[in-house]
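Please open the model in your viewer and keep the selection tool at hand, since this tour moves from one selection to the next.

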Amino acid sequence: TVCRRRVAGSLTSGVWPAAYVLNMRSSWLGRLVPGFYVLTHEMTHAIATWMGGGKVYGIKAGADGGSVDVSHVSTFAVLAPYCVPLPTACVVLGYRAWVWLRGASGGEAVFLFLMGLTISFHLLATFECLWIEKQPDLDAGGGVVFSLVVITLVNGLVFLLLQKTLFPKHLDLAATLGRAWDHGAGFWAWIAAGGRRLWLAWAKT
């Protein structure tokens, strides 16, 4: 429909500014991007620590990196920045506050543009962060393989939840999760059956 095409266009239009800004490091705006990402990254560590009942003693953030001094480390707190798009959450809360204060809806195009911008920024920046250099967070989160699997699955789930929030009538969340579960179970059943056949073949030799 026309409405859905407009929504999709607004969301997609946010991808190009994020990709462009991430790529123009020499400009003043491009130089602000690393610091902004590090700040949101460390803030997400801190918020996740608070949610887990921990204490945050200090936060350091800059273009060259950052750190958070916390009382204890958990897998949730360590991997949260790679899974939860904090700027997107701020956009959602800001829009809800805008609607509540005005007493009526409005500004949907700007809201959807900022959603697309922040989601794409999170995905592109997280991929770049994980691809360019080794992240100690992955080891602290339970190992590189485990952490990458969790990051991939949770980002997929977050994306589905955002789609359900934006298009509640066009996405059956329960059915989608059910299909994902069935496909995953089928894949691992196939792996197990193949491994069993290989084991039996090796045992006969």
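Begin by selecting Tyr37, Thr40, His41, Thr44, Pro81, Val84, Pro85, Leu86, Pro87, Phe121 and His122, which line the largest cavity of this predicted model. The elements that give two or more residues to this lining are α3, α5 (86-102) and α6, and with four residues α3 gives the most to it. The volume of the largest cavity is about 80 Å³, and the structure holds one cavity of 30 Å³ or more.

Next, keep Tyr37 and Phe121 selected and add Val33, Val78, Leu79, Tyr82, Cys83, Ala125, Cys129, Leu138 and Ile151, so that the eleven residues of the largest nonpolar core are shown together. Two or more residues of this core come from each of α3, α4 (75-83) and α6 (108-132), while α4, with four residues, gives the most. Apart from this core lies another one of eight residues, and you can find it by selecting some of its members, including Val91, Val99, Leu112 and Ile119. In soluble globular proteins, nonpolar side chains tend to be buried together.

For the last stop, turn to the surface and select Ile47, Trp50, Met51 and Phe76, which form a nonpolar patch with about 440 Å² of accessible area together. Helix α3 (residues 28-51) gives the most to this patch, with three residues, and Trp50 has its place in that helix. Is Trp50 buried, partly exposed or exposed? Trp50 is partly exposed, because its relative accessible area is 46%, a value that falls between the cut-offs of 20% and 50%.

Definitions and conventions
Residues numbered from 1 in each chain as written. Predicted model: local features only at pLDDT ≥ 70, side-chain atom pairs only at ≥ 80, totals over all residues. Heavy atoms only, no water. Patch = residues over 30% accessible without salt bridge, like charges linked within 9 Å, V, L, I, M, F, W, Y side chains within 5 Å. Areas by Shrake-Rupley, 256 points an atom, 1.4 Å probe, with all protein chains shown as cover. Salt bridge = Lys/Arg side-chain N within 4 Å of Asp/Glu carboxyl O. Buried < 20%, exposed > 50% of the residue type's maximum accessible area, 1.4 Å probe, protein only. Core = buried A, V, L, I, M, F, W, Y, C linked by side-chain atoms within 4.5 Å. 1 Å grid on protein atoms, 1.4 Å probe; cavity = no way out; pocket = protein on both sides within 12 Å on 5 of 7 lines; lining within 4 Å. Points joined across faces, edges and corners; volume = space filled by probe spheres on them.
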